[in-house]
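Me: Hi! I'm new to this one and would love a quick tour. Could you walk me through what's inside?

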Amino acid sequence: MDKIQTECTRCGTCCANGGPALHVQDKELIEGGAIPISHLITIRKGELVHNPVSNRLQAAKKELIKINGVGKEWSCFYFEPEEKLCTIYDSRPVACQMLECWDTEAVEQMIDKDLLSRTDLIGGDDPLYQAVLEHESTFPCPDLELLLARGVGDKSRELEEAANREVAFRTELVSSQDLSLGEELFYFGRPLFHLLISVGARVKESAGRLLIDWPRK
């Protein structure tokens, strides 16, 4: 008779599957310095994310702030794989505290609820506050689910132009504000061309410009 699991066995699987989304209860961890913004990534509304309940990719209904991933497997930044331990265990986010891999009901109840967003963490006096708002309105996340299902159609040139303008926008701000890669990913999320790659686009650079090709369906 198999033994019923009732406690963590420190296998590391949950941490190896990526960093958690942060909730309002985690705000003090960022403001207190336990988790710096350079270790976070913004998943914008509309980006494709894995839903653990449906076990499929779907568009994020709301903006998510997640702990960034590392390595090819994109495991949580704070996961120490050799020892299979969390390096910020005493300051771990609430989703990690609630997760019981043998009974995921509690953490599933947290999905899409009380999520932290960038505006919860960026004050109006932050020099990048207006830049974040401008980026979000000028370069919204395209309908990735539709692109994945139906292909690019007649939007190829439009998306290529937007991807190039977005890179220019980011590059100027990264330079003028001296942002690290981690800070850039928090303030602006992944570049538009990365989002397009996630739904099948092939991207190359020529003469300082991104060229985007779409395989035929």
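**Inside the core**

Reply: Happy to. The largest nonpolar core has 23 residues, and the ones with the most contacts inside it are Leu22, Ile35, Leu40, Ile67, Leu128, Tyr187 and Phe188. Keep in mind that this is a predicted model.

Me: Which elements give two or more residues to this core?

Reply: They are helix 2 (27-31), strand 4 (64-67), helix 6 (129-138), helix 8 (156-177) and helix 9 (181-188). Helix 9 gives the most, with three residues.

Me: Is there another core apart from it, and of how many residues? Which residues are among them?

Reply: Another core, of 17 residues, lies apart from that one. Leu48, Val152, Leu196 and Ala201 are among its members.

Me: Back to tyrosine 187. What is it in contact with, leaving aside neighbours within four places in sequence?

Reply: Tyrosine 187 is in contact with Ile37, Arg118, Ile122, Asp126, Leu128, Val132 and Leu179.

Me: And helix 9 in general, mostly covered or mostly open?

Reply: Mostly covered, with six of its eight residues buried. Those are Gly182, Glu184, Leu185, Phe186, Tyr187 and Phe188.

Me: What do the buried residues of helix 9 pack against?

Reply: Their partners are strand 1 (40-43), strand 4, helix 5 (118-121), helix 6 and helix 8.

Me: What comes after helix 9?

Reply: Glycine 189 follows helix 9, and its phi is positive, near 70°.

Me: Now the helix pairs. How do helix 8 and helix 9 cross?

Reply: Their axes come within 11 Å and cross at roughly 130°. Angles from 115 to 145 degrees count as oblique, so helix 8 and helix 9 are oblique to each other. The crossing of helix 8 and helix 9 is right-handed.

Me: Which residues make the contact?

Reply: From helix 8 you have Phe169, Arg170, Leu173 and Val174, and from helix 9 there are Glu184, Leu185 and Phe188. Sorted by class, the contact of helix 8 with helix 9 has five nonpolar residues, two charged ones and no polar ones.

Me: What about helix 6 and helix 8, at what angle do they pack?

Reply: Helix 6 and helix 8 pack at about 175°, with their axes 11 Å apart. Angles over 145 degrees count as roughly antiparallel, so that is how helix 6 and helix 8 run relative to each other.

Me: Which residues meet there?

Reply: Ala131, Glu134, His135 and Thr138 in helix 6 meet Arg165, Glu166, Phe169, Arg170 and Leu173 in helix 8. The contact of helix 6 with helix 8 divides into four charged, three nonpolar and two polar residues.

Me: Tell me about glutamate 134. Why does it count as partly exposed?

Reply: Glutamate 134 lies in helix 6. Its relative accessibility is 43%, so glutamate 134 counts as partly exposed. The C-alpha atoms of glutamate 134 and phenylalanine 169 are separated by 9.9 Å, with the two residues 35 apart along the chain.

Me: Last topic, glycine 153. Where does it lie?

Reply: Glycine 153 lies in the loop between helix 7 (144-150) and helix 8.

Me: Does glycine 153 count as buried or exposed?

Reply: Exposed, because its relative accessibility is 64%. Between the C-alpha atoms of glycine 153 and threonine 87 the separation is 46 Å, and these residues are 66 apart along the chain.

Technical notes: Residues numbered from 1 in each chain as written. Predicted model: local features only at pLDDT ≥ 70, side-chain atom pairs only at ≥ 80, totals over all residues. Heavy atoms only, no water. Core = buried A, V, L, I, M, F, W, Y, C linked by side-chain atoms within 4.5 Å. Buried < 20%, exposed > 50% of the residue type's maximum accessible area, 1.4 Å probe, protein only. Helix = DSSP H or I, 4+ residues; strand = E, 2+ residues; numbered from the N terminus. Contact = heavy atoms within 4.5 Å. Axes fitted to C-alpha atoms, helices over the stretch in contact; angles between N-to-C directions. Parallel < 35°, antiparallel > 145°, perpendicular 65-115°, else oblique. Left-handed = near helix turned anticlockwise from the far one by under 90°. Nonpolar A, V, L, I, M, F, W, Y, C, P; charged D, E, K, R; others polar.
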